Each structure stands twice: as C-alpha cells, then as structure tokens.
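Biologist: Could you take me on a close look at the surroundings of the ligand in this model? I would also like to see how the helices there pack against their neighbours.

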Amino acid sequence: MVSASATGRVAGKRVLITGAARGLGRSHAVRLAEEGADLILIDICRSLPQIDYPLATEDDLAETVRLVADLGRRCVSHIVDVRDEAALRAAVDDGVAQLGGLDGAVANAGVLTGGPWHETTSEDWRIVVDVNLIGAWNTCATAIPHLLEQGGGSLVNISSAGAIAGFPLQTPYTAAKHGVIGLTLSLANELAAHSIRVNSVHPTGAHTGMLPDSLGKALGGERSDLVPLFINAMPTPCVEPVDVSNAVLFLISDESRFVTGLQFKVDAGVTIN
Ligand SMILES: NC(=O)c1ccc[n+]([C@@H]2O[C@H](COP(=O)([O-])OP(=O)(O)OC[C@H]3O[C@@H](n4cnc5c(N)ncnc54)[C@H](O)[C@@H]3O)[C@@H](O)[C@H]2O)c1
C-alpha cells in the first residue's frame, strides 16, 4: 500500500519493534502506525524447545504487517532471533535503508519460564536471560548507530512489573527483567549527551500468548499462598495490550523529549501492594 502522508503523535518517525508478530508487540506496531510511524518489525516466528508455550508464527507476523499496511504506513519485516546479533543487525540495517533512517526502537521480544526455585534449571536461566536481557541489549546495540546518525532518538525496553515487585516462581524472568532496568539506566547515562533517551516499561499481566503451563501449575498448586502478589491493586485482573502500547507511544514521541531513565509502570498498582 502507498504510504499516506504522516499525521499523528509520532508522524514520520521510523521505529524498530522486536517480538512484533503478536501480543504486545503487535499492539505497539498498530498503535504507533495509527499515530503515523513507519516500522521495522522483527520476530523469531518459531517455537523454542525450552519454552513450554508456542511462540508466534510467520502467519502472525504477516497479520501484523497487514494491519500496519492497512493504516497506510510503511513497514519492513524480518524473521530474526534477537539472540543472533549479526542477523538482527543485518535486518535492522536493511529496514533503515528502506525507510531512510531510524528514530526509535522497542525491545519487546521476550519469553517466560515458570516454576518453583527447586525446579528451575540452568537451561531456564540461559534461555530467559539470552532472549529477554541479551536480546534487549542486541536490539539497543543495533539501533544506536542509526540513532547517533539521526542526532538522537528513543529506546524503549519492555521489562515487567515483576522486575519491580520481585515476582516469585519465575526467578530467571524476574532477574532478567530487573537486568533490563540496569541496561536501561546505564545506556540512559551513556547516551544522554547524544540526545538518545532510554526508558523501560513495566506492565502487569496482559492477555497474550505468553502463558507457560509451568507458572499456572506452581501458582495453582503448592504455592497458591503467593497468588496475592500477582493481584493488581486496581479492580482489574489485567491490562489490555493497548494500555502498554500507549506508554510506548508516549516514550517514542517527542512529548517525552526530556524523559530518560524512567521506569514507566503500567501495572494497575500491582507493585504498590
Ligand atoms: N503479557 C504479559 O502479561 C506481560 C507482562 C509484563 C511484561 N511482558 C513483556 O512484554 C513483552 C511482550 O510479551 P507478550 O506478552 O506480547 O508475549 P507473546 O509471547 O505473546 O509475544 C512475544 C513475542 O516475542 C517473540 N519472540 C520470542 N522470542 C524471540 C526471539 N528470540 N527473537 C525474536 N522474537 C522472539 C514471540 O514469537 C512473540 O511474537 C515481553 O518482553 C514480555 O516479557 C508481558
């Protein structure tokens, strides 16, 4: 589809989103496109043996691309594993060449393992840290050269309310998402002089495909005493993906032009319990 002239809160901005095939990533893509952004969309589009729920498919990514195109925005998509820095860099460079530059990136791809500490394996740690923390680093690292060229930009790293609250029964995930805070703050300090802002977003539960059986079993069984830690203070069991995407939109937009190093909670109060 021919790109319509951009209007909206992020009109004409070119933004990279990882984990864009479904769930929150698709929602960020649609919300940013509604407000005039052109997009580079990345997803692994295959399931991983270490993760006990299916990840997105090529059809899912194609559907996100269709939704963005229907909004009249330009969109480049690539099937890439964010753990593969070289492949990610090649995909981002290609997208930037096609769109003519880069103004922001959303490190959104993530995976979750659940279970009590005594069932947690070093394999759980490796996959979760690799995707959620090193994958976020790879996303930032491949975007930064383009943002420097642009004279500034916005990096948004999707963490979790669990990183702030210390959610149990998902120790590798909670730790990796806490690591995302450190990554964000460190880069925010290092890149402020270049007008590159770096912020993290911390959602409470939202209905997406991220539903490990292992977490449900642990919470529904021997550690049901921990359920209250996951209950929001506000009267809603979960937020909608668009609630998280609205925070992403604000952080990508110039409305937040002097906001950096922020932990932006979209958590219905789960961390103030
Ligand atoms: N859903 C929630 O309740 C919730 C709460 C807090 C934080 N988050 C975070 O939000 C982000 C999006 O999660 P979601 O809820 O939409 O889950 P989801 O499983 O529906 O979507 C995650 C997407 O990331 C992709 N992905 C996974 N590993 C990848 C890899 N190695 N390389 C590239 N793509 C990969 C998947 O294919 C999928 O499309 C994640 O970082 C997640 O940790 C989600």
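Modeller: Happy to. Let's start with α1, which gives the most to the shell around the ligand, with three residues. Please keep in mind that this is a predicted model.

The shell itself holds 28 residues, and those that come nearest to the ligand are G19, G23, A56, G110 and T208. Two elements, α1 (23-34) and α4, each give two or more residues to this shell. By class, the residues around the ligand are 13 nonpolar, 11 polar and four charged.

Now let's follow α1 away from the ligand to its partner. That is helix α2 (residues 58-70): the axes of α1 and α2 come within 9 Å and cross at roughly 10 degrees. With that angle, α1 counts as roughly parallel to α2, since anything under 35 degrees falls in that class. On the α1 side, the contact is made by R26, A29, V30 and A33, and α2 answers with T64, L67 and V68. Sorted by class, the residues of this contact are five nonpolar, one polar and one charged.

The other helix to follow is α4, which spans residues 122-150 and packs against helix α6 (residues 171-191). Their axes lie 9 Å apart, at an angle of about 20 degrees. This makes α4 roughly parallel to α6, and the crossing of the two is right-handed. From α4, the contact takes D124, W125, V128, V129, N132, L133, A136, W137 and C140. Facing them from α6 are P172, Y173, A176, K177, G179, V180, L183 and L187. In the contact of α4 with α6 there are 13 nonpolar residues, along with two polar and two charged ones.

Finally, let's step back to the whole protein chain, which has eight helices and seven strands. Its radius of gyration is 18 Å, close to the 19 Å that the globule rule gives for 273 residues, so the chain is as compact as a globular protein of that length. Along the principal axes, the C-alpha atoms of the protein chain fill a box of roughly 55 × 35 × 35 Å.

To put the close look together: α1 and α4 both contribute to the shell around the ligand. Away from the ligand, α1 is roughly parallel to α2, and α4 is roughly parallel to α6. If you are turning the model on your screen, G19, G23, A56, G110 and T208 are good residues to pick out, as they come nearest to the ligand.

Terms used:
Residues numbered from 1 in each chain as written. Predicted model: local features only at pLDDT ≥ 70, side-chain atom pairs only at ≥ 80, totals over all residues. Axes fitted to C-alpha atoms, helices over the stretch in contact; angles between N-to-C directions. Helix = DSSP H or I, 4+ residues; strand = E, 2+ residues; numbered from the N terminus. Parallel < 35°, antiparallel > 145°, perpendicular 65-115°, else oblique. Left-handed = near helix turned anticlockwise from the far one by under 90°. Contact = placed C-beta atoms within 7 Å. Nonpolar A, V, L, I, M, F, W, Y, C, P; charged D, E, K, R; others polar. Near = placed C-beta within 6 Å. Rg over C-alpha atoms; globule rule 2.2 N^0.38 Å.
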